There are 2 protein chains.
Amino acid sequence: MALPTIGYAGEVNSTANPTPARLRTLPSWVINQTAIAANRLTDRALAGTGSRRHHFAMLSALDEFGPSSQADLGRCTGIDRSDVVAVVTAMAERGFLEQRPDPAHGRRNIVTLTPAGKDHLESLSVLLADAQNELLHALSPAESRTIVELLTRVLDSR
Amino acid sequence: MALPTIGYAGEVNSTANPTPARLRTLPSWVINQTAIAANRLTDRALAGTGSRRHHFAMLSALDEFGPSSQADLGRCTGIDRSDVVAVVTAMAERGFLEQRPDPAHGRRNIVTLTPAGKDHLESLSVLLADAQNELLHALSPAESRTIVELLTRVLDSR
DNA sequence: GCCTCATCATTGGTCGCCCCAATGATGGTG
DNA sequence: CACCATCATTGGGGCGACCAATGATGAGGC
């Protein structure tokens with residue numbers, strides 16, 4: 001069983017640096033590396049907006065579902081309740097949403113999207129759409145849909 | 001333009017918590033959420049081995065390419081050079097690899113996989129294979145291959 | 001009506017990972 | 001020989017995922 005060719009002691013796998021097959025074929029690895037690239041692109045796209053991915057997620061949920069409790073916001077976006085607190089207060093300070101106690105449920109806060117928040121959401125959406133194109137420019141639209149569909153099935157299966 | 005039905009002020013999106021469409025259809029979001037799930041599974045699979053994902057990546061590279069410099073290991077696995085240092089020293093202490101200066105290049109270290117390291121790599125491989133099955137059990141083998149192929153194209157395009 | 005349990009917002013903290021900057025030593029290039 | 005690239009290494013920053021605990025408050029069982 002010949003080991004991969006190492007010319008001599010001095011030449012040690014130089015300049016090429018391909019990814020090992022064990023990683024290249026490991027789904028979790030490929031998924032994670034792609035996520036790193038995706039996050040790099042989206043973070044770059046959102047840089048300068050004062051918002052980050054979590055903020056966009058919260059605004060999206062509020063826009064679609066209307067006023068919600070923080071617990072519900074956390075659940076539907078996959079953000080831990082603890083972290084929702086920071087995001088909500090930060091965006092409330094910027095006037096993108098309002099936080100008031102639920103008159104019917106003493107322990108619950110109702111978070112509401114403001115018009116300014118809706119505007120902010122739409123501007124973030126545009127920036128993120130560009131990032132998606134940049135990320136997936138090697139794929140056809142059909143292939144992009146396939147990726148989303150397959151990964152969604154993976155997510156829904158747990 | 002009717003807003004999504006909110007029954008009344010008291011009933012605030014309770015108990016259901018679907019993912020907002022803006023997130024569900026955003027490739028970077030779906031990819032990232034899947035990566036979070038994948039990392040949870042792999043971390044759980046590796047728990048108790050004393051190793052983590054980075055360690056497996058390094059061992060894989062050494063196994064496939066033979067003795068390598070730390071810089072090359074970092075490049076082919078996507079791990080920052082700074083972080084390679086910690087991984088190498090940790091695994092050297094456990095006897096899984098050896099680190100010696102390159103006689104031909106004074107500034108370079110040559111890292112070599114030991115037989116114990118190879119054994120460790122194989123045992124980690126088994127655990128990770130199980131994690132992949134758990135992650136992708138909702139997909140057919142062909143669909144799993146498709147995911148890896150498409151994501152690989154995304155990765156290679158940058 | 002009371003007791004128990006679940007849920008809520010919030011605080012505080014941990015840990016891993018990605019990333020960057022700088023440094024001293026060394027090689028390679030022109 | 002001077003300059004620039006590369007090496008291993010140190011140190012640190014920042015973010016995101018996660019966990020535990022707490023006081024206040026609802027809901028359901030009996």
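Reader: Which helices of chain A and chain B each supply at least two residues of the surface near DNA strand C?

Author: From chain A, helices H2, H4 and H5 do, and from chain B it's H3 (53-65) and H5. Keep in mind that this is a predicted model. H5(A) gives the largest share of that surface, four residues.

Reader: And which residues come nearest to DNA strand C?

Author: There are 21 residues around the strand, and the nearest are A:Gln70, A:Ala71, A:Ser82, B:Ser82 and B:Gly106. By class, the surface near DNA strand C divides into four nonpolar, eight polar and nine charged residues.

Reader: Now the other strand. Which residues come nearest to DNA strand D?

Author: Look for A:Ser82, A:Gly106, B:Gln70, B:Ala71 and B:Ser82, out of 22 residues around DNA strand D. Chain A brings helices H3 (53-65) and H5 (81-93) to this surface, while chain B brings H2 (27-46), H4 (70-77) and H5 (81-93), each with at least two residues. Here H5(B) has the largest share, with four residues. The classes come to five nonpolar, eight polar and nine charged.

Reader: How do I read the relation between the two protein chains? By what turn can chain A be laid on chain B?

Author: The idea is to superpose one copy on the other and look at the turn and the shift. Here the turn is 180 degrees, the shift along the axis is 0.0 Å, and the RMSD is 0.0 Å. The two copies are thus related as by a two-fold rotation axis.

Reader: How many residues of chain A are in contact with chain B?

Author: 68 residues of chain A touch 68 residues of chain B, counting C-beta atoms within 7 Å as a contact. On the chain A side, H1 (21-24), H2 (27-46), H3, H4 (70-77), H6 (115-136) and H7 (141-156) each give two or more residues. H2(A) gives the most, 13 residues. That side holds 36 nonpolar, 24 polar and eight charged residues.

Reader: Why can one say that the copies meet through the same surface?

Author: Because 99% of the interface residues of chain A are also interface residues in chain B.

Reader: Can we zoom in on one residue? Which residues is B:Leu155 in contact with, leaving aside its neighbours within four places in sequence?

Author: Those are A:Val30, A:Gln33, A:Thr34 and A:Ala37. B:Leu155 itself is found in helix H7 of chain B, residues 141-156. As for spacing along helices, an α-helix has 3.6 residues a turn, so residues three or four places apart point the same way.

Reader: Is B:Leu155 buried, exposed or partly exposed?

Author: You count neighbours: 20 or more other C-beta atoms within 10 Å means buried, and 12 or fewer means exposed. B:Leu155 has 17, so it's partly exposed.

Reader: What about chain A as a whole? What is its radius of gyration?

Author: The trick is to compare the value with a compact globule. For 158 residues that would be near 15 Å, but chain A has 22 Å. Its C-alpha atoms fill a box of roughly 75 × 35 × 30 Å, and buried residues make up 39% of the chain. Its secondary structure comes to seven helices and two strands, in the order α-α-α-α-α-β-β-α-α.

Reader: Last one: how far does H2(B) reach from its first C-alpha to its last?

Author: It spans 28 Å with 20 residues, close to the 28 Å expected at 1.5 Å a residue. Just after H2(B), look for B:Gly48, which takes a positive phi of about 95 degrees.

Technical notes
Residues numbered from 1 in each chain as written. Chains lettered and ligands numbered in written order. Predicted model: local features only at pLDDT ≥ 70, side-chain atom pairs only at ≥ 80, totals over all residues. Least-squares fit on C-alpha atoms with pLDDT ≥ 70 in both. Contact = placed C-beta atoms within 7 Å. Near = placed C-beta within 6 Å. Nonpolar A, V, L, I, M, F, W, Y, C, P; charged D, E, K, R; others polar. Expected span 1.5 Å × (residues − 1). Rg over C-alpha atoms; globule rule 2.2 N^0.38 Å.
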